[in-house]
Each structure stands twice: as C-alpha cells, then as structure tokens.
Amino acid sequence: LAGAMNAHASKRPPAPASAATTKTKRRKHAMRASSAARASASDASGATRRAWEISKKGNLQNLKLNERAAREALGPNECRIAVRAIGLNFADVFTVLGLYSAAPEGTFVPGLECCGEVVETAASGSNFVVGDRVMCVVRFGAFADEINCPVTQMRKLPNGWSFEEGSAFLVQGLTSYYGLKALGDVRKNASVLVHSAAGGCGLQSLGICERVGAKAIAVIGNPSKVDTLKERFPSLKAIIVRDRKRFAKQVRDACEAIGASEGVDIVFDATLGDFFQGGWENLARGGRYVVYGAADLTPRGDSIGLLGWIKLAWKFVRRQKVDPLMLPGENKGILGFNLIWQFDRQEELARLLAELLALDLPAPKVGATFEFSQLPEALRLFQTGQTTGKVVVKI
C-alpha cells in the first residue's frame with residue numbers, strides 16, 4: 001500500500017534474466033565494494049562529521065544525530081562541501097516514514113539539497129575551487145554538516161543570495177520548471193492552476209508563470225497565506241483558499257476571473273486526494289494535469305501507527321480514478337514525475353536548469369529556519385502544512 005500510494009515513486013516491471021541483467025548485478029556489486037572501500041579509507045583517516053541518520057524507517061524518532069559519522073573519501077569529480085544550510089522537502093518526510101520507495105535500505109543519511117562552501121576538490125578541470133559558495137542536490141545524504149557532491153550536481157550560489165536561500169532553490173526550482181515546462185509546456189497566456197502555491201515549489205511555479213507570461217491561479221489551504229502571495233506577486237488575479245466541498249466551483253470561478261472560460265491549460269498538483277477532481281473537471285481540451293506529490297495523503301505525527309494506516313488506506317481506496325479509455329474523447333492527459341529517477345539524465349537537467357536560471361527569478365522565500373540540532377522539529381513543522389516558502393535548517 002505504501003509503495004502504491006507514494007506519489008513520488010515510480011514502479012518498474014522486473015526485467016527477464018539476461019546477460020545484461022547479470023552485467024548490471026556485477027556493476028552494482030562493484031559499486032558496493034567501491035563504497036565499502038571508501039568508507040574503510042575514511043575510517044582509517046579518523047576524520048568524522050555530524051550527520052542525522054535513520055536506521056529504521058517508519059518513525060521520526062528513529063532519526064538520530066551521529067556526532068562522529070564516518071567521513072567518506074573524496075571520489076573523482078567530487079567536491080567536499082562544508083554545509084551551511086539544508087533545504088527540507090516533502091520527500092524527506094515520506095523518506096523517514098518509510099513511504100518513499102527511492103530511499104536506501106539500512107542505515108543512511110536522508111536529505112536532498114543543501115548549500116555551503118567548497119573545502120576540498122578532486123575534480124580537476126572543473127569550475128569549482130576551494131572557497132566557492134555552492135548549491136548542491138544529492139540523492140540522499142544532505143542531512144549532515146559535510147557532504148561529498150559530484151560537480152555535475154552543484155551550481156555556484158548567485159550573488160546576493162544567502163546560504164539559506166541557496167538551499168531552497170535547486171530541488172524546488174528544477175521540480176517546478178521540469179513539471180511546468182518539460183511536461184506542461186507552459187507558455188505565454190497559458191492558464192495554470194498551481195496547488196500548494198505558498199510553499200517552496202508553489203512560489204517558484206508562480207514566479208515561472210509570471211516570467212513567461214502565463215496566467216496563474218494560486219491554490220492555498222489556509223487564508224493566513226494570502227498575504228504571502230500578494231506581497232510576492234502583486235499582479236496575481238486569482239487566489240483560492242480551497243474548500244473540499246466546493247473546490248470544483250472555486251476553480252470554475254477562478255477560471256472565469258482570469259479569462260479562461262474553457263478551463264486551465266495546466267494543473268500543477270502536489271496535493272491530490274479530495275482536490276484532484278476539481279482540477280480535472282476544469283482542465284481545458286488539450287490540457288495537461290501534472291502530478292508530483294500527494295500532500296493530502298501525508299500522515300501526521302512521528303509514526304503512522306495502526307490508526308494512521310487505516311486512515312491512509314481509506315483515503316487510498318476512495319481516491320479518484322481516471323479511465324484511460326475516456327481520455328481520447330476528453331482530449332486531455334495526466335503526467336507524473338519524480339526527479340530523483342532522472343538523476344542519470346544529466347544533460348537534460350543541466351539544460352533545464354540553465355533555462356530556469358536565465359529567467360532570473362528572485363531569491364527563494366525562506367519561511368522558517370531551524371538549528372541543526374532541531375532538524376526533527378523542522379520536519380514536524382513541515383507535516384502541519386502551515387508553512388510558507390522553504391523550511392531550512394542552518395549549520
């Protein structure tokens with residue numbers, strides 16, 4: 001059930017046994033051996049770092065601070081980063097609760113993005129030198145005061161940005177741009193329904209829409225977030241404080257307000273649950289419903305527990321379904337994605353990131369900051385859905 005419900009995960013059918021499969025297995029064994037060798041080398045050096053580790057997923061209380069975590073040897077084309085700020089994402093909550101199928105097994109360090117300074121480099125010929133202030137995205141491992149990061153997953157911190165702002169950009173910026181541009185084909189005069197509009201991805205998405213000349217409808221779950229939207233986007237014409245019982249009508253009214261009488265061209269949704277149908281019903285012909293999360297199904301509390309699983313299962317079986325046979329007649333479609341499965345497509349992501357940076361968006365909004373020792377509390381605040389902008393942990 002957890003795997004099926006994980007909107008951030010992707011299932012792949014098992015491949016038949018073949019020479020290629022055997023070769024892949026050998027490669028994985030070699031990678032594990034290489035990782036073990038690096039860990040052994042770090043143990044021998046005696047160097048350590050501080051890192052939040054989880055040994056058993058399913059309970060936030062299992063996230064423990066290791067004051068003497070092993071420091072891995074620096075690999076080729078990597079830089080060692082002294083982390084100054086860590087950006088939190090909904091995927092971090094799903095990871096700790098055991099609902100994120102991309103997460104490693106055994107003891108590991110969660111976290112997907114951070115910002116800091118280069119303190120050592122093994123990447124000859126790269127554009128990074130010791131002392132550079134950089135933004136980093138990693139496939140887990142960011143919940144630490146020091147990380148090793150491939151240079152392909154680093155970018156220099158824009159002038160005038162703080163470490164906190166830098167830690168709030170890469171994951172949410174790429175997520176928003178990939179979903180809206182690569183999948184949604186956002187363009188001038190397109191109409192876009194943006195869920196969770198006051199959150200990290202939501203604000204980035206509204207910024208992208210503003211830059212390309214698209215007409216946005218912002219959806220939020222709490223009236224206290226209206227001021228955040230108006231302050232950052234004074235020209236925003238339509239804001240919905242969502243209501244489960246009349247959400248479809250709210251969207252219809254907002255469409256009329258922005259001159260999209262046929263409906264929106266794009267729905268960008270990280271909420272799903274009870275709010276899917278209202279967006280789907282108001283998607284115009286040729287429209288694209290882009291899904292990248294399921295916040296409405298996110299459990300509350302440190303662990304799910306029996307009652308939590310029952311509630312989750314009830315929401316799961318009651319979720320709205322779309323019949324593929326009806327799509328040709330309705331002339332609209334659904335697309336879903338999770339960028340963690342795109343890490344091997346470096347050229348595509350680099351191109352999209354260059355396009356995003358060319359938009360020259362303002363620095364991300366940091367809504368709440370915590371000290372490194374308070375990281376679990378930061379995740380708990382994230383679960384409440386009451387935050388605006390990015391939740392960041394400072395070191």
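Student: In this predicted model, which residues is leucine 193 in contact with, leaving aside its neighbours within four places in sequence?

Tutor: Start from where leucine 193 sits, in strand 8, residues 191-194. Beyond its sequence neighbours, leucine 193 is in contact with Ile217, Val219, Ile240, Val251, Val264, Ile266, Val267, Phe268 and Gly279.

Student: Does leucine 193 count as buried or exposed, and at what relative accessibility?

Tutor: Buried means under 20% relative accessible area. Leucine 193 therefore counts as buried, with a relative accessibility of 0%.

Student: What distance separates the C-alpha atoms of leucine 193 and isoleucine 239?

Tutor: Along the chain, leucine 193 and isoleucine 239 are 46 residues apart. In space, their C-alpha atoms are separated by 9.8 Å.

Student: Which residues does isoleucine 266 touch, not counting residues up to four places away in sequence?

Tutor: Isoleucine 266 belongs to strand 11, residues 264-269. It counts as buried because its relative accessibility is 0%. With those sequence neighbours set aside, isoleucine 266 touches Leu180, Gly184, Asp185, Val186, Ser191, Val192, Leu193, Leu283, Arg288 and Val290.

Student: How far apart in space are isoleucine 266 and arginine 288, C-alpha to C-alpha?

Tutor: Arginine 288 is one of the residues that isoleucine 266 touches. The two are 22 residues apart in sequence. Their C-alpha to C-alpha separation is 5.0 Å.

Student: What share of contacts in the chain between residues at least 6 apart in sequence joins residues at least 24 apart?

Tutor: The chain has 13 helices and 15 strands. Take the contacts between residues at least 6 apart in sequence. The share that joins residues at least 24 apart is 71%.

Student: What percentage of the residues in the chain is buried?

Tutor: The chain exposes about 18,500 Å², and carbon and sulfur atoms supply 51% of that area. For burial, the count runs over 395 residues. The buried part is 49%.

Student: Which residues of helix 12 are buried?

Tutor: Helix 12 covers residues 346-358 and reaches 18 Å from its first C-alpha to its last. That is close to the 18 Å expected at 1.5 Å a residue. Its buried residues are Leu349, Leu352, Leu353 and Leu356.

Student: Within what arc do the buried residues of helix 12 fall, seen down its axis?

Tutor: The buried residues are Leu349, Leu352, Leu353 and Leu356. They line one face of helix 12, because they fall within an arc of 100°. On the other side, the exposed residues are Glu347 and Ala358. The arc asked for is 100°.

Student: What covers the buried residues of helix 12?

Tutor: The cover draws on both strand and helix elements. It includes strand 7 (154-156), helix 5 (170-183) and helix 6 (200-212).

Student: Are helix 5 and helix 12 roughly parallel or roughly perpendicular to each other?

Tutor: Helix 5 and helix 12 pack with their axes 10 Å apart. Residues Leu170, Gly173, Leu174, Tyr177, Tyr178, Lys181 and Ala182 in helix 5 meet Glu348, Leu349, Leu352, Leu353, Glu355 and Leu356 in helix 12. The angle is about 95°. Angles of 65 to 115 degrees count as roughly perpendicular, so the two helices are roughly perpendicular.

Student: Which residues does glutamine 342 touch, not counting residues up to four places away in sequence?

Tutor: Glutamine 342 is found in the loop between strand 13 and helix 12. It counts as buried because its relative accessibility is 12%. Outside its sequence neighbours, glutamine 342 touches Tyr178, Glu348 and Leu349.

Student: Which residues of helix 10 are buried?

Tutor: Helix 10 has 13 residues, 305-317. Its face turned away from the buried side carries the exposed residues Leu306, Leu307, Lys311, Trp314 and Val317. The buried residues are Gly308, Leu312 and Phe316. They are on the same side of helix 10, because they cover an arc of only 75° around the axis; the names are Gly308, Leu312 and Phe316.

Student: What is the phi of asparagine 77?

Tutor: Most residues other than glycine have a negative phi. Asparagine 77 has a positive value. It is placed in the loop between strand 2 (63-70) and strand 3 (78-87). Its phi is near 65°.

How values were computed. Residues numbered from 1 in each chain as written. Predicted model: local features only at pLDDT ≥ 70, side-chain atom pairs only at ≥ 80, totals over all residues. Heavy atoms only, no water. Helix = DSSP H or I, 4+ residues; strand = E, 2+ residues; numbered from the N terminus. Expected span 1.5 Å × (residues − 1). Buried < 20%, exposed > 50% of the residue type's maximum accessible area, 1.4 Å probe, protein only. Arc of directions from axis to C-beta. Contact = heavy atoms within 4.5 Å. Areas by Shrake-Rupley, 256 points an atom, 1.4 Å probe, with all protein chains shown as cover. Axes fitted to C-alpha atoms, helices over the stretch in contact; angles between N-to-C directions. Parallel < 35°, antiparallel > 145°, perpendicular 65-115°, else oblique.
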